Amino acid sequence: MILEKKRRIEFGDFQTPDTLAVHLCEHLYRLGLRPDTIIEPTCGVGAFVLAAAHTFTDARKVFGFEVNETYLGMLRARLVNDPVAARVQIEHADFFATDWEAKTNAMNGRLLVVGNFPWVTNATQGTIGGKNLPVKSNCLGFSGFDAISGKANFDISEWMLLDVLRWLSVRGGDVAMLIKTSVARKVLAHAERRRYPVMDAAIIEIDAKKHFGASVNACLLVIQLDIGVSASYDYTVFKSLEDRQGRRVGHRYGLTVSDLDTFHACASLVGQSPQKWRSGIKHDASAVMELTRCASSYENGFGESVELEDLYLFPLLKGSDIGSNKEWREKFVLVTQRTVGEDTSPIQSHAPRTWAYLQDHADQLDARRSRIYSKNPRFSVFGVGDYAFKPWRIAICGLYKALKFRLVPPMDGRPVMFDDTVYYLSFDTEDDACQTLAIIESHNATDLLLSLIFWDEKRPIKTSILNVLDWSQLQEEKSAIAVTEKNRSSLPMT
Ligand SMILES: C[S@@+](CC[C@H](N)C(=O)[O-])C[C@H]1O[C@@H](n2cnc3c(N)ncnc32)[C@H](O)[C@@H]1O
């Protein structure tokens, strides 16, 4: 049983229900796809092989490939007495060991590659000791440290789909694949970077909970490639098979725009934020660096009661506090530097108890895995600079699925710090913070930001999005209105 569970994880095994495969193939037919040859590269027990063979009755051949012999046996049994069997050919194949170019070169006419690739990531393979991976390790072009350490995480389906696009891009053809929506977007961005000859593309959202019992945002990704026509990289996202209108999505200024119509309507606000959005403090040692005030002492994450000077302690609001608008819970964080790379040894004379506490927990702090710590003074933190010590803030948590900014005043007479899931702007005065908040919460600013956010992402709100809102444009509009109103009130009464 445990072995069977491991196999299902390693092979990303989520067989598509027959009814869903039929609905999807019929939808592709309605979209106008008319393949001569159909390929299901990881066909399992054959839901798509059968649905495609029955829907695309003009297709001369339907090929089903699969690594699991038992599934191929089941598919063979399903084909007995089925009139489509004469057009269906099934073969045992490991996707990663197959020379797809050679195989498809021998196939005639327009190709449709359809199906549902394995649902598993390379990181999961690492955890369970799975071997179902591409041989080439840096296949997705990861750079630097991630590539060397092999740390970069990717979905196996992403690798497979990019491979399909690579060989279809030189001959044309259609792809229709059930896939995670986040992977679909990455694949479309990749197709644009590579200037593949995409004629049209769509993401049709699927209820993965209903059909697969999986809590993931999934879709049918359809890409039509045609040699010799001018490529177009905007695509349509449909909320379901019944959604006839959809919304246009595309890439502008290096950003993926989730709603092109709204984005174009607010295009005058696209630029550079007058102040850079910053992330909260990064220290990778919350049990040591984060403390809760209890009476006259502080308690750390190990439950130890400690007495520290105030000098390096700052009130802390965590991402969850910001995201769910909670009150301050008397939490503090040790901020050992005012700028990145600053020498930490003066803590010894300025705050001897704090220094002793850091020394006592040096083992945990020295063991922080990221290389940035070993290259910097001992006990370093990141996310510091002049901006981190200004008293007033506007903050938002990147992990929450709401565009909700929060004005954060100083607490206990000190600027409030955040963890690194929070993005913020900082100000010297309450007035400046309140005025900016009113501007970035205005209708146009909100529309622009919303047109750039994909709510199904793990961290939907990012600095790359916040930083393109040039709110100085709105500030000017506001002051122009204010000036006109002032002028009006100072007109002589007649
Ligand atoms: C998500 S299931 C989908 C099956 C089928 N495409 C469908 O839609 O029902 C993924 C399938 O990929 C197969 N598979 C996994 N790794 C494979 C590989 N390296 N080569 C070929 N097939 C593979 C699994 O055995 C499984 O049947």
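Domain bounds, the start and end points used below, come from an automatic or database domain assignment. With that in mind, let's walk through this predicted model. The assignment splits the chain into domain 1, covering residues 2-252, and domain 2, covering residues 278-479. If you look for the C-alpha centres of the two domains, you will find them 42 Å apart.

Now turn to the place where the domains touch. Five residues of domain 1 and four residues of domain 2 take part in the contact. Together, domain 1 and domain 2 bury about 480 Å² between them, and 52% of that area sits on carbon and sulfur atoms.

What links the two domains here? Two salt bridges are counted between domain 1 and domain 2. There are also two residue pairs in polar contact between domain 1 and domain 2. On the side of domain 1 that touches domain 2, the residues divide into two nonpolar, two polar and one charged. Try finding Arg 185 and Glu 457 in the structure: their side chains meet in a salt bridge, with 3.4 Å from N to O. This pair counts as a salt bridge because a side-chain nitrogen of Lys or Arg within 4 Å of a carboxyl oxygen of Asp or Glu meets the cut-off.

Next, let's visit the ligand. Around the ligand there are 23 residues, and those that come nearest are Thr 16, Glu 40, Thr 42, Glu 66 and Phe 95. Sorted by class, this shell holds 12 nonpolar, seven polar and four charged residues.

Which atoms of the protein lie by the nitrogen atoms of the ligand? Start with Thr 42, where a polar backbone atom is 2.6 Å from a nitrogen atom of the ligand. At Phe 95 there is again a polar backbone atom, this one 2.8 Å from a nitrogen atom of the ligand. Asp 94 uses its side chain: a polar atom there lies 2.9 Å from a nitrogen atom of the ligand. And is the ligand buried or exposed in the protein? Taken alone, the ligand exposes 590 Å², and the protein buries 100% of that.

Note on methods
Residues are numbered from 1 along each chain as its sequence is written. This is a predicted model: local features need pLDDT of at least 70, side-chain atom pairs count only at pLDDT 80 or more; totals for chains, interfaces and linings use all residues. Side-chain values use heavy atoms; hydrogens and water are left out. Contact means heavy atoms within 4.5 Å. Buried area is the accessible area (1.4 Å probe) that two parts lose on being put together, summed over both. A polar contact is a pair of N or O atoms within 3.5 Å; within protein, one must be able to donate a hydrogen and the other to accept it, and residues adjacent in sequence count only if both atoms are side-chain atoms. Ala, Val, Leu, Ile, Met, Phe, Trp, Tyr, Cys and Pro count as nonpolar, Asp, Glu, Lys and Arg as charged, and the others, Gly among them, as polar. A residue is near a molecule or strand if one of its heavy atoms lies within 4 Å of it. Accessible areas come from the Shrake-Rupley method with a 1.4 Å probe; for residues, only the protein chains shown count as cover.
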